[in-house]
Amino acid sequence: MSESFVLQSGSGSRWVLYPPQDPYGDGYVLALPTELHGDGMTATAVVELDGIFVNPQTVRLSEFFARLAAGWRGWDGVRHWTSARGQLTVEATHDGFGRVSLAVTLRAAEIAPSFAPWSATLLFGVEADRELGRLALRLSQFLETEP
């Protein structure tokens with residue numbers, strides 16, 4: 001797959017995921033080149049995702065979005081997802097009125113994410129009943145394709 005996955009806001013902010021790569025050729029770790037663009041800012045990083053071996057406590061990004069879509073009627077608090085080394089974090093909140101806010105944070109890869117020399121966060125609003133389901137499906141199809 002050569003196309004990228006793009007989530008774009010009405011203000012022009014974009015979250016771009018490029019096709020996953022298998023840097024070691026063994027399927028255990030996938031490298032996902034990722035960008036955030038917004039208001040004159042661009043942040044880029046290569047995010048590590050679990051490949052064929054997934055820790056039982058690990059939730060894949062596509063599964064996180066599928067769970068959000070399944071709960072489109074709403075939830076309390078903030079739902080979180082973080083990549084293997086903490087370079088990418090997604091936080092989702094539901095307003096109780098049909099909108100989901102997604103805070104996407106990209107940070108430099110470091111041993112401890114709290115010590116990363118930089119981070120960037122963009123917010124995206126998504127309609128819960130239809131748009132969130134389509135987003136989850138697109139993301140699943142994008143990420144579950146063999147690299």
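# Notebook: two sheets, two helices and a shared core

**Entry 1: a turn to begin with.** I started at the hairpin of β3 and β4, where two residues sit between the strands and Asp39 takes a positive phi near 50°. I should say at once that I am reading a predicted model.

**Entry 2: the overall plan.** Next I looked up the elements of the protein chain and found two helices and eight strands. In sequence order they give the pattern β-β-β-β-α-β-β-β-β-α. How much of the protein chain is buried? Buried residues make up 41% of its 147 residues. I also noted an exposed area of about 8,200 Å², with carbon and sulfur atoms supplying 49% of it. For contacts with a separation of 6 or more, 43% join residues 24 or more positions apart.

**Entry 3: the sheet that holds my hairpin.** I went back to β3 and β4 and traced their sheet. In what order do its four strands lie? The order is β1-β2-β3-β4, in an open sheet with antiparallel pairing. β1 and β4 each have a single partner strand, so one side of each is left without a neighbour in the sheet. On average, neighbouring strands here are turned by 15° against each other, direction ignored.

**Entry 4: walking across that sheet.** I followed the pairings one at a time.

- β1 and β2 run antiparallel and are joined by four bridges; Leu7 stands opposite Trp15 in β2.
- β2 (residues 14-17) is joined to β3 by four bridges, again antiparallel; Trp15 stands opposite Leu36 in β3.
- β3 and β4 (residues 41-50) run antiparallel with ten bridges between them; Pro33 stands opposite Val46 in β4.

I then checked the cover on β3, which spans residues 29-38. Is this strand mostly covered or mostly open? It is mostly covered, as nine of its ten residues are buried.

**Entry 5: the second sheet.** I moved on to the later strands and found another open sheet of four, in the order β5-β6-β7-β8, with antiparallel pairing. Its edge strands are β5 (78-82) and β8 (119-127), and each of them pairs on one side only. From one strand to the next, the twist averages 15°. I looked at one pairing here: β5 and β6 (residues 88-94) run antiparallel over five bridges. Thr82 has Thr89 in β6 as its bridge partner.

**Entry 6: where helix α2 goes.** Helix α2 (residues 131-143) packs on this sheet, touching β7 (99-107) and β8. The direction of α2 makes about 125° with that of β8. Coming back to the sheet of β1 to β4, I saw that neighbouring strands there are turned by 15° on average, direction ignored. α2 packs on that sheet too, touching β1, β2, β3 and β4, and its direction makes about 155° with that of β1.

**Entry 7: the core.** I wanted to know which residues sit at the busiest points of the largest nonpolar core. Of its 36 residues, Trp15, Leu61, Phe65 and Leu102 touch the most other members. Which element gives the most to this core? It is α2, with six residues. I picked Phe65 for a closer look, leaving aside its neighbours within four places in sequence. Its contacts are Trp15, Val90, Leu102, Leu132, Leu135, Ala136 and Leu139.

**Entry 8: aromatic rings.** My last search took in the whole structure, and it turned up four aromatic pairs. The rings of Phe5 and Phe142 have their centres 6.1 Å apart and their planes at 40°, so I logged the pair as tilted. Why does this pair tie together parts that are 137 residues apart in sequence? Phe5 lies in strand β1 (residues 5-8) and Phe142 in helix α2, so the pair spans that separation. Both Phe5 and Phe142 are buried.

Phe64 and Phe65 make another pair: their ring centres are 5.7 Å apart and their planes stand at 90°, so the pair is edge-to-face. Both of these residues, Phe64 and Phe65, are buried as well. To close, I put the rings together: Phe5, Trp15, Phe64, Phe65 and Phe142 form one aromatic cluster. I had met Trp15 before, opposite Leu7 in the pairing of β1 and β2, and Phe65 among the core residues that touch the most other members.

Terms used:
Residues numbered from 1 in each chain as written. Predicted model: local features only at pLDDT ≥ 70, side-chain atom pairs only at ≥ 80, totals over all residues. Heavy atoms only, no water. Pairing = 2+ DSSP bridges. Axes fitted to C-alpha atoms, helices over the stretch in contact; angles between N-to-C directions. Contact = heavy atoms within 4.5 Å. Buried < 20%, exposed > 50% of the residue type's maximum accessible area, 1.4 Å probe, protein only. Areas by Shrake-Rupley, 256 points an atom, 1.4 Å probe, with all protein chains shown as cover. Core = buried A, V, L, I, M, F, W, Y, C linked by side-chain atoms within 4.5 Å. Phe/Tyr/Trp six-rings, centres within 6.5 Å; stacked < 30°, edge-to-face > 60°.
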